[in-house]
Amino acid sequence: MGDDKYYTLAEGCPFASNRTAVLMRDKQGGGLGLLQDTQLIETLAHFSRERIPERVVHAKAVGSYGEFEATRDCSDFTCASFLNKVGKKTPVLQRVSTVGPESGSADTSRDVHGWSMKLYTDEGNLDWVFNNTPVFFIRDPIKFPSMNRSHKRHPQTHLPDANMFWDFHVGNPEGIHQLMVLFSDRGTPKSVRYMNSYSGHTYKFTKADGSFKYAKIHVKTQQGIQNFSREEATKIAGENPDYMIQDMFEAIERGDYPVWNVYVQLMSPEAAEKHETNIFDMTKVWPHKDFPLQQIGRLTMNRNPRNYFADIEQAAFSPSTMVPGFAASADPVLQARLFAYPDAARYRLGVNYQQLPTNAAKAQVYCPFQRDGSMRFDDNYGGDPNYVGSWIKPTKFYQDVKGTNPGALSLHTEHEKWAGEVSAYSSEITDADFVQPAALWEVIGREPGHQDRLVDNLVSSVKSVKYPELRKAVYSLFSRVSKDLGSRLQKRTEAAIKAA
Ligand code: HEM
């Protein structure tokens, strides 16, 4: 440090020494602590409070910054300003995570990988909170906590538990499509740079005139898909549990910036009514031949976080963080998520989490109706009215506020007319739930050895199920995808158990 810079306490008082406590010492070198040693007390007290709650899911992650560049003028289907001009660039924060395991766990574990992006657009932030799989395990949101608990630790043994995992999935078979993806090669991606991500949900791109198109978003790696085998992933998990963090950090440091192309599938409301599956059921994909991918942008990650805690741990993503021109659909899982994420952020980071630098919009924010609260750390809108309907002009800080923006209505307008009954949501299973998984099994069959690897990955999990009845139920579940798959799984699992 230069002459003019010195260490201080957090409130400015210079340290006499940053390496010694102030003690009442005796001749033998012992000492009693003093309450007047503010430096010691602050040092110890702050240390005990360094941790914030880790995310209940998606705790382990890789983060970086970059940019989204529009490659198409999309004003024919959305008024979203970040998509209204070819070449327009929007800064992005990205966070890619595993789901079930804790923050210190191996990032090459077989798991779905979460994929969050915060686009700091000129009309406010847009969070795309996706996964690296195009489908999901459930279609009724009330199952989400149960599903995740069954993937985590047993309440007694505190161990991950194959009995719980398969018990949940046999009892909730709508997840079969996602299970097929998870136990395929794509369940162990070879770093963030080599994976795709997908909105999974149906969203809506809206226009100011009230028209809209349903949309699914696909983010496709330009580095090519690459995966680890189960054996490689397990070995790396032991040798370097932070492999993916390191891979991404080092690629960006050496200027080898990863790139993804961003595509949409669009569907008109009329086509949605006639579509063969319920477009609000995220266990299903839309056929590409009927709804082709159209490129809208390119994503490049080119800057590492300056500080992991400030930039990535304190980041809060939510599907409810949207901009005019992009809106939620009636997918019940998505609707539940619109509540769950800001709720989690208020718990994890505090009620003013939107002010944290990593979450703060780069666009103008003037929201004097959201005031005060724990850890408010800006001017809190000074003396501006904190109630709606005021004729008093805002203060000098906010002279340029023009009023409300009717264009933003497209964010909230539902367009659809609602008529229906209040009832419990049904997610009964039918044969239709096995059509797309069966097609996936066929597609996997076109890659040499892939079907075998999928069976092998399943065997490595199912062989730990100790109840024969539950194992039988797992074989029946996969037999509904393909008799061949079910019987290969049964034969090899039972042989592995016998041989053990
Ligand atoms: C009812 C369904 C769901 C609920 C209730 C739910 C809830 C949550 C919660 C509470 C978190 C932790 C948030 C935090 O502490 O900041 C989270 C994280 C996450 N979820 Fe979900 N989730 C659901 C479904 C999904 C789906 C379908 C996807 C992907 C398509 C998804 C992707 C993610 C991602 C990527 C994160 C990590 C966010 C980050 O990087 O901070 N979740 N979810």
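1. Let's start at the ligand. In this predicted model, one of the ligand's nitrogen atoms sits 2.6 Å from an N or O atom in the side chain of Tyr-341. Two arginines reach ligand oxygen atoms: a polar side-chain atom of Arg-55 is 2.7 Å from one oxygen, and for Arg-95 an N or O atom of the side chain is also 2.7 Å from an oxygen of the ligand.

2. Now look around the ligand as a whole. It is surrounded by 23 residues, and the closest are Arg-55, Arg-95, Ser-116, Tyr-341 and Arg-348. Sorted by class, this shell holds 13 nonpolar, six polar and four charged residues. Helix H9 (332-349) gives the largest share, six residues, while strands S5 (113-121) and S6 each supply at least two.

3. Next, find His-58 and Asn-131, which the unreviewed UniProt entry annotates as "active site". They span 74 residues in sequence, but their C-alpha atoms are no more than 10.6 Å apart, so the pair gathers at one spot.

4. His-58 belongs to the loop between helix H1 (38-47) and strand S3 (61-70). Is His-58 buried or exposed? With a relative accessible area of 18%, His-58 is buried, because the cut-off for buried is under 20%. The side chains of His-58 and Ser-97 share a polar contact of 2.8 Å. Beyond its sequence neighbours within four places, His-58 has contacts that include Arg-95, Gly-114 and Asn-131.

5. Asn-131 lies in strand S6 (residues 124-131) and is buried too, at 13% relative accessibility. Leaving aside neighbours within four places in sequence, Asn-131 has among its contacts His-58, Trp-115, Phe-136 and Tyr-198.

How values were computed:
Residues are numbered from 1 along each chain as its sequence is written. This is a predicted model: local features need pLDDT of at least 70, side-chain atom pairs count only at pLDDT 80 or more; totals for chains, interfaces and linings use all residues. Side-chain values use heavy atoms; hydrogens and water are left out. UniProt positions are given in the numbering used here, feature names are shortened, and annotations may be inferred rather than shown by experiment. Helices (H or I, at least four residues) and strands (E, at least two) are DSSP runs, numbered from the N terminus. Buried means under 20% relative accessible area, exposed over 50%, partly exposed in between (1.4 Å probe, protein chains only). Contact means heavy atoms within 4.5 Å. A polar contact is a pair of N or O atoms within 3.5 Å; within protein, one must be able to donate a hydrogen and the other to accept it, and residues adjacent in sequence count only if both atoms are side-chain atoms. A residue is near a molecule or strand if one of its heavy atoms lies within 4 Å of it. Ala, Val, Leu, Ile, Met, Phe, Trp, Tyr, Cys and Pro count as nonpolar, Asp, Glu, Lys and Arg as charged, and the others, Gly among them, as polar.
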